Amino acid sequence: MIVEEIMKTNLKTLSPRDTVKEALELMKEKHIRHIPIIDENRKLVGLVTSSTLKNKWNAFSNTSSSESEKIIEDVMIKDLITAHPLDFVEEIAITFYEMKISCLPIVSGGQLVGLVTASDLLYTYIELTGANKPSSKIDIRIEDKPGILSDILVIFKNHHANVLSVLLFPDSKEENYKIVTIRVQILNPLSIIEELKKAKFNVLWPNLPGITK
């Protein structure tokens, strides 16, 4: 998946000559936490966030009224990290994690074209895993060898179960094993779990009582 598929494009922006007060009012009115700052050519020149502006506003509230009209250019973040619409979502997720940022402006041809926030990434993950749909999650501990995932999915096929997502994680206890998480569009996966266990697969979740181990 590329960034273009998840980025917001209907952005609220301000110019460097707008004031901190105007930025705070825009955030409150539109229920947003990040405002890209652009020049007359729509070139990205800065970014303001709710946390940085509120810190500035609190400081200004104890000073003269002229300070409360301080321009954004004096308080905005200028050393920006950006991404391109064709970057992969997985790559920018790493950027969010490593740089500890809450949003990422998307730039193409020198102009601002979108914005991705940490909330956007989280929602994308939820959609990709199918967690937002009526479904069941089954965790299975498997040996890390070719063909085993195919063997598992045959069981789901035999039960006419629609698989929404398949995720693989390293097993923290055994180097040669993995944990596979399968989300299936069925609310009662009991018959699938029974067949998995009969086939000697180690079902970790749900670990239901009364099922043959």
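This report describes the overall form of a predicted protein chain and two of its helices.

Residues are numbered from 1 along the chain as its sequence is written. In this predicted model, local features need pLDDT of at least 70 and side-chain atom pairs count only at pLDDT 80 or more, while totals for chains, interfaces and linings use all residues; side-chain values use heavy atoms, without hydrogens and water.

**Overall form**

The protein chain has six helices and eight strands, taken as DSSP runs numbered from the N terminus (helices H or I, at least four residues; strands E, at least two). Their order from the N terminus is α-β-β-α-α-β-β-α-β-α-β-β-α-β. The radius of gyration of the chain is 24 Å, well over the 17 Å that the globule rule gives for 213 residues, so the chain is more spread out than a compact globule. That radius is taken over C-alpha atoms, and the globule rule is 2.2 Å times the number of residues to the power 0.38. Along the principal axes, the C-alpha atoms fill a box of roughly 75 × 40 × 30 Å.

The domain assignment, which is automatic or from a database, gives domain 1 (3–125) and domain 2 (132–204). Their C-alpha centres lie 41 Å apart.

Of the 213 residues, 38% count as buried, meaning under 20% relative accessible area, with exposed meaning over 50% and partly exposed in between (1.4 Å probe, protein chains only). Among contacts (heavy atoms within 4.5 Å) between residues at least 6 apart in sequence, 60% join residues at least 24 apart.

**Helices α1 and α4**

| Helix | Residues | Buried residues | Residue just after, with phi |
|---|---|---|---|
| α1 | 20–30 | V20, A23, L24, L26, M27 | H31, about 55° |
| α4 | 118–129 | D120, L121, T124, T129 | G130, about 80° |

Seen down the axis of α1, the buried residues fall within an arc of 160°, so they line one face of the helix; the arc is that of the directions from the helix axis to the C-beta atoms. On the other side of α1, K28 and E29 are exposed.

The buried residues of α4 cover an arc of only 160° around the axis, which puts them on the same side of α4. They pack against α3 (89–99), β4 (111–117), β6 (163–170) and β7 (177–184). At 1.5 Å a residue, the twelve residues of α4 should span 16 Å, and the end C-alpha atoms are 17 Å apart, which agrees. The expected span is 1.5 Å times one less than the number of residues.
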